[in-house]
Amino acid sequence: MLLFKLKNWTKERIILGIDPGTTIMGFGLIKVINKKMEFLQLNELQLSKYDNHYQKLKIIFERTIELIETHNPDEIAIEAPFFGKNVQSMLKLGRAQGVAMAAGLSRDIPITEYEPKKIKMAITGNGNASKEQVAKMLQQLLGLKELPKNLDSTDGLAAAVCHFFNSGKIVAGKSYTGWDAFVKQNEDKIRK
């Protein structure tokens, strides 16, 4: 059974890319067939209309579960939070990422984090590329007819494409195959 799954995985798989956020969560899906990418979907979850931060986290979790149940991704690629000067914003972003990761882990889907610069580098060849440059390159790579108004969804799609480009390579980011792997790799964060 495992051998069949591995063979199938190399021929066809779906990657869900997520750009976590508490104002807008962007996501994109690609299908990989025989080492070629095919665009499936990109969209965003608008969260600015909700005042309660915990309500936003609940919605992020529920929407991620809905995406998983609808599209059955084989893997999830998620943009890691960047380090900024506003500690409160970083904490909120980290929570949003954690909730999206928890949704994937609850369904035993392998998750890989990518630093924003690594995603930009994979898509454009420039780790300091703008959101617009990343979006334009994705448009060319995947044959997108038009780009969305907000580019958070293309950031989510970029995470999925970055994961595709890094498939089979040793990834510098963290990768989790389930709760056990997550706990093992984060023992320093566990209260005893």
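Is N72 buried or exposed? At a relative accessibility of 53%, N72 is exposed, because exposed residues are those over 50%. This residue and several others are shown in the close-up views below, which are taken from a predicted model.

**Figure 1. Overview of the chain in the predicted model.** The chain contains 7 helices and 6 strands. In sequence order these elements follow the pattern α-β-β-β-α-β-α-β-α-α-α-β-α. Of the 192 residues in the chain, 43% are buried. Among contacts with a separation of 6 or more, 62% join residues that are 24 or more positions apart.

**Figure 2. Close-up of N72 in the loop between α2 and β4.** The loop follows helix α2 (53-71) and leads to strand β4 (75-79). N72 is not a glycine, yet its phi is positive, at about 50°. Its relative accessibility of 53% places N72 among exposed residues.

**Figure 3. Close-up of K35 in the loop between β2 and β3.** Strand β3 covers residues 36-46, and strand β2 covers residues 24-33. K35 is a residue other than glycine with a positive phi, near 70°. The relative accessible area of K35 is 71%, so the residue is exposed.

**Figure 4. Close-up of T22 and its contacts.** T22 sits in the loop that joins β1 (12-19) to β2 (24-33). With a relative accessible area of 14%, T22 is buried. Residues up to four places away in sequence aside, T22 touches L47, H53, K56, K92 and A96. One of these partners, H53, is the subject of the next view.

**Figure 5. Close-up of H53 in helix α2.** H53 has a relative accessibility of 13% and counts as buried. Apart from neighbours within four places in sequence, H53 is in contact with T22, K92 and R95. The C-alpha atoms of H53 and A96 lie 9.6 Å apart, and the two residues are 43 apart in sequence. A96 is among the residues touched by T22.

**Figure 6. Close-up of E12 in strand β1.** E12 is partly exposed, and its relative accessible area is 38%. When neighbours within four places in sequence are set aside, E12 is in contact with K31, V32, I33 and D74. The C-alpha distance between E12 and K36 is 9.2 Å, for a sequence separation of 24 residues.

**Figure 7. Close-up of the contact between helices α4 and α5.** Helix α4 is formed by residues 116-124 and helix α5 by residues 131-142. Their axes come within 9 Å of each other and cross at roughly 40°. This angle makes α4 oblique to α5. The crossing of α4 past α5 is left-handed. On the α4 side the contact involves K120, I123 and T124, which meet Q133, V134, M137 and L138 of α5. By class, the residues of this contact are 4 nonpolar, 2 polar and 1 charged.

**Figure 8. Close-up of the contact between helices α5 and α6.** Helix α6 spans residues 152-166, and its axis lies 10 Å from that of α5, at an angle of about 60°. The angle makes α5 oblique to α6. This crossing is left-handed. From α5, the residues in the contact are K131, V134, A135, L138, L141 and L142. From α6, they are D152, T154, D155, L157, A158, V161 and F165. The contact of α5 with α6 consists of 9 nonpolar, 1 polar and 3 charged residues. V134 and L138 also belong to the α5 residues that meet α4.

**Figure 9. Close-up of the aromatic pair F164 and F165.** A search of the whole structure finds 1 aromatic pair. The ring centres of F164 and F165 are 5.5 Å apart and the ring planes are at 50°, so this pair is tilted. F164 counts as buried, at 15% relative accessibility. F165, with a relative accessible area of 29%, is partly exposed. F165 is also one of the α6 residues in the contact with α5.

Note on methods
Residues are numbered from 1 along each chain as its sequence is written. This is a predicted model: local features need pLDDT of at least 70, side-chain atom pairs count only at pLDDT 80 or more; totals for chains, interfaces and linings use all residues. Side-chain values use heavy atoms; hydrogens and water are left out. Axes are lines fitted to C-alpha atoms, for helices over the stretch in contact, and angles run from 0 to 180 degrees between N-to-C directions. Helices (H or I, at least four residues) and strands (E, at least two) are DSSP runs, numbered from the N terminus. Angles under 35 degrees count as roughly parallel, over 145 as roughly antiparallel, 65 to 115 as roughly perpendicular and the rest as oblique. A crossing is left-handed if the near helix is turned anticlockwise from the far one by less than a right angle, and right-handed if clockwise. Contact means heavy atoms within 4.5 Å. Ala, Val, Leu, Ile, Met, Phe, Trp, Tyr, Cys and Pro count as nonpolar, Asp, Glu, Lys and Arg as charged, and the others, Gly among them, as polar. Rings of Phe, Tyr and Trp (its six-membered ring) pair if their centres lie within 6.5 Å; planes under 30 degrees apart count as stacked, over 60 as edge-to-face and the rest as tilted. Buried means under 20% relative accessible area, exposed over 50%, partly exposed in between (1.4 Å probe, protein chains only).
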